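Please open the model in a viewer and keep the sequence beside it. The tour proceeds by selections, each followed by a description of what is found there.

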Amino acid sequence: MPRKPDKTKPPQHQRWEGKEKPDWLSRALARAGVFPQKEAEDAINAGRVTINGRVAKMALAPVPPGATVRVDGRVVPLSAPATRVLAFHKPAGVLSSTVSQHRTGTVFEVLLRQLPPDLAGYTWHAVGRLDVDSTGLLLFTNDDKLVAHATSPDTQLPKRYVATVFSTADDERVEPLRKGMVLDDGPARPATVRVRDEKTVEVTLTEGRHHQVKRMLGVVGLPVRALHREAVGGIELDIPEGTFRLLTDDEVREGLRYTGRTESPE
């Protein structure tokens with residue numbers, strides 16, 4: 001005989017219907033800048049975190065709206081923090097890995113050890129990537145919605161690269177990049193291209209596919225020896241290699257065309 005449904009409990013998919021869906025605890029702590037997510041998970045596992053007076057036992061425990069969360073007995077606010085964006089000058093030889101891959105030789109290893117306490121608590125997301133041998137501007141943010149905004153082809157946020165090439169560059173040779181070309185993964189949008197000298201080509205894209213600049217120049221017989229990113233949107237690289245700076249709210253809003261949580265926290 002089939003089991004009758006329990007009418008005293010709503011279906012799972014309706015559990016939060018009409019209500020604000022709660023965040024899970026470790027992510028809420030990370031988004032608020034209390035801990036990076038891995039450290040938040042460790043604190044929860046150590047019994048250091050409570051929700052409404054009860055010790056949280058799981059990193060995925062839901063945090064209902066208005067709940068009081070304490071770490072080591074201290075109340076921590078979990079309201080969404082202001083969007084923070086870091087400009088970082090990536091050196092050659094380090095990987096643009098994800099935040100969950102903090103292994104030796106990554107941009108995170110170079111960046112995170114420099115952060116002051118007021119920035120060290122966030123989980124930082126790389127906004128796009130640069131190849132291991134490429135250098136230049138790489139952005140990081142605590143706001144995953146900004147990552148989606150800045151990397152979406154629909155946003156058409158320009159990225160300016162300077163390529164040092166092996167062969168001799170001239171306007172005739174790079175003209176196919178300006179008109180748009182077909183790569184092995186489909187058509188590429190027309191690029192803005194300027195030949196700085198016979199070995200240096202500036203390429204500005206409004207999309208960012210895997211090895212795109214290298215592949216586009218390779219098609220026209222200009223294999224790339226070195227690649228450097230000078231700008232993303234209106235953000236120009238203006239810091240020494242291996243260092244970072246915090247963007248202003250105006251730079252985020254105007255330079256990246258992003259109107260997210262840019263108000264300064266109290």
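The stops below pass from the whole chain to a sheet, a strand and a set of aromatic rings.

**Whole chain**

Begin with the entire protein chain, bearing in mind that the model is predicted. The chain comprises eight helices and 17 strands. It has 266 residues, of which 43% count as buried. Display the accessible surface next: the protein chain exposes about 14,800 Å², and carbon and sulfur atoms supply 52% of that area. As for contacts between residues at least 6 apart in sequence, 64% join residues at least 24 apart.

**An open sheet of four strands**

Select residues 49–51, which form strand S2, together with 54–55, strand S3, and 74–75, strand S6. These strands belong to an open sheet with the order S3-S2-S5-S6 and antiparallel pairing. Which strands lie at the edges of this sheet? They are S3 and S6, each of which pairs on one side only. Between S2 and S3 the antiparallel pairing extends over two bridges. To locate one of the bridge partnerships, select threonine 50, whose partner in S3 is valine 55. In general, strands of a sheet pair through backbone hydrogen bonds, so the backbone atoms should be displayed here.

**Strand S7**

Move now to residues 85–90, strand S7. Is this strand enclosed or open to the outside? Six of its six residues are buried, so S7 is largely enclosed by the rest of the structure. In a regular strand the side chains alternate between the two faces of the sheet. Colour the two faces of S7 separately: Val85, Ala87 and His89 lie on one side, and Leu86, Phe88 and Lys90 on the other. Both faces are covered, and the residues named on each are all buried.

Add residues 135–141, strand S9, which runs antiparallel to S7 and is joined to it by six bridges. Valine 85 has threonine 141 as its bridge partner in S9. Then add residues 244–246, strand S17, which also runs antiparallel to S7 and is joined to it by three bridges. Here the bridge partner of phenylalanine 88 is phenylalanine 244.

**Aromatic rings**

Keep Phe88 selected and add Phe108 and Phe140; ring pairs link these residues into a cluster. The count of aromatic pairs comes to three. Phenylalanine 108 and phenylalanine 140 form an edge-to-face pair, because their planes stand at 80° and over 60 degrees counts as edge-to-face. The ring centres of phenylalanine 108 and phenylalanine 140 are 5.4 Å apart. This pair links distant parts of the chain, with phenylalanine 108 in helix H3 (residues 107–112) and phenylalanine 140 in strand S9, 32 residues apart. Phenylalanine 108 is buried at a relative accessible area of 1%, and phenylalanine 140 is buried at 0%.

Select tyrosine 122 and tryptophan 124 next. The centres of their rings are 5.7 Å apart and the planes lie at 80°, so this pair is edge-to-face. Both tyrosine 122 and tryptophan 124 are buried.

**Charges over rings**

Finish with two arginine side chains. Arginine 27 lies over the face of tryptophan 24, at 3.9 Å from the ring centre. Arginine 225 lies over the face of phenylalanine 166, at 5.9 Å from the ring centre.

Methods
Residues numbered from 1 in each chain as written. Predicted model: local features only at pLDDT ≥ 70, side-chain atom pairs only at ≥ 80, totals over all residues. Heavy atoms only, no water. Pairing = 2+ DSSP bridges. Buried < 20%, exposed > 50% of the residue type's maximum accessible area, 1.4 Å probe, protein only. Contact = heavy atoms within 4.5 Å. Areas by Shrake-Rupley, 256 points an atom, 1.4 Å probe, with all protein chains shown as cover. Phe/Tyr/Trp six-rings, centres within 6.5 Å; stacked < 30°, edge-to-face > 60°. Lys NZ or Arg CZ within 6 Å of the ring centre and 35° of its normal.
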